[in-house]
Amino acid sequence: MNDLVPLTGEPLALDLVNTRPAAGDLLATPSDLRAWWVLEADRLAEAVPQEVTDADLAAVRAVRDHVARALDRVRRGDPPPAADLAALNEAQRAAPAIDELAWDGSAVAVTRRREGSPGRRLAARLAEAAAALLADPAVTAIRECEADDCVMLFLAAHPRRRWCSASRCGNRVRVARHYQRHRAG
């Protein structure tokens with residue numbers, strides 16, 4: 001992964017979209033995908049595989065592109081492109097989730113499992129997260145960071161939030177404002 005640390009902590013679908021900063025791509029290689037997967041591992045049911053393939057990367061990047069286009073429209077109150085919704089549905093169908101039942105010795109236990117390669121399973125999970133976010137009325141509260149050089153999205157929990165990260169963009173904007181005020185004086 002390049003020097004920029006991915007923004008995490010937003011809804012999973014937003015974290016995925018935010019792997020495309022203004023410059024570059026945080027999911028450029030299979031090892032980049034694996035590193036991001038490790039960062040998000042506590043939010044995903046399956047263990048991160050040792051090997052991530054080009055096909056895994058392609059599946060996840062395709063979901064990211066469809067989510068980004070759909071979110072861009074839906075957060076503004078516009079209908080999403082039908083092709084993007086169809087592609088997200090297809091990504092979920094490619095690795096359907098099954099609640100597998102088993103007797104654990106004293107009770108029936110349920111384990112959620114998916115079929116397919118690790119990348120297809122991850123893409124399906126991300127498409128599922130996107131579906132939940134796109135259908136959530138809070139989707140209209142998603143904003144783009146107000147820093148001039150940032151394109152990150154965030155779900156504004158507070159109406160005064162302006163930046164994707166107060167420590168990243170917020171500090172840069174405040175320092176630049178301070179510099180301009182003192183330079184002018």
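**Pocket lining and helix packing in the predicted model**

Thirteen residues, given as 13 in the count, line the largest pocket, and Leu44, Ala45, Glu46, Arg114 and Arg125 are those nearest its centre. The pocket belongs to a predicted model. Its space amounts to about 240 Å³. Two elements, strand 2 (108–114) and helix 5, each give two or more residues to the lining of this pocket. Helix 5 gives the most, with five residues. By residue class, the lining holds six nonpolar and seven charged residues, and no polar ones.

The chain as a whole contains six helices and four strands. Their order along the sequence is α-α-α-α-β-β-α-β-β-α. The C-alpha trace spans about 75 × 35 × 35 Å along its principal axes. Of the 185 residues in the chain, 37% are buried. Contacts between residues at least 6 apart in sequence were also examined: 52% of them join residues at least 24 apart.

Helix 3 (54–74) has 21 residues, which should span 30 Å at 1.5 Å a residue; its end C-alpha atoms are 30 Å apart, so the two values agree. The buried residues of helix 3 are Asp56, Leu57, Ala59, Val60, Val63, Arg64, His66, Val67, Ala68, Ala70, Leu71 and Val74. Charged side chains appear in this list, among them Asp56 and Arg64. The packing partners of the buried residues of helix 3 are helix 1 (12–17), helix 2 (30–39), helix 4, helix 5 and strand 3 (142–144).

Helix 4 covers residues 82–94, 13 residues in total. From first C-alpha to last, helix 4 reaches 18 Å, close to the 18 Å expected at 1.5 Å a residue. Asp84, Leu88 and Ala91 are its buried residues. Viewed down the axis of helix 4, these residues fall within an arc of 55 degrees, so they line one face of the helix. An α-helix has 3.6 residues a turn, so residues three or four places apart point the same way. The face of helix 4 turned away from the buried side carries Ala82, Ala83 and Arg93, which are exposed. On the buried side, helix 4 packs against helix 3 and helix 5 (118–135). Helix 5 thus recurs: the buried residues of helix 3 pack against it, and it contributes to the pocket lining.

Two buried positions were followed in more detail. Leu33 is found in helix 2. Its relative accessible area is 0%, so Leu33 counts as buried. Beyond its neighbours within four places in sequence, Leu33 is in contact with Leu27, Val52, Asp56, Leu57, Val60 and Leu122. Three of these partners, Asp56, Leu57 and Val60, are also buried residues of helix 3. Leu33 and Glu146 are 113 residues apart along the chain, and their C-alpha atoms are separated by 27 Å.

Asn18 lies in the loop between helix 1 and helix 2. With 1% relative accessibility, Asn18 is also classed as buried. Outside the four places in sequence on either side, the contacts of Asn18 are Leu7, Leu26, Met152 and Leu153.

Note on methods:
Residues numbered from 1 in each chain as written. Predicted model: local features only at pLDDT ≥ 70, side-chain atom pairs only at ≥ 80, totals over all residues. Heavy atoms only, no water. Expected span 1.5 Å × (residues − 1). Buried < 20%, exposed > 50% of the residue type's maximum accessible area, 1.4 Å probe, protein only. Arc of directions from axis to C-beta. Contact = heavy atoms within 4.5 Å. 1 Å grid on protein atoms, 1.4 Å probe; cavity = no way out; pocket = protein on both sides within 12 Å on 5 of 7 lines; lining within 4 Å. Points joined across faces, edges and corners; volume = space filled by probe spheres on them.
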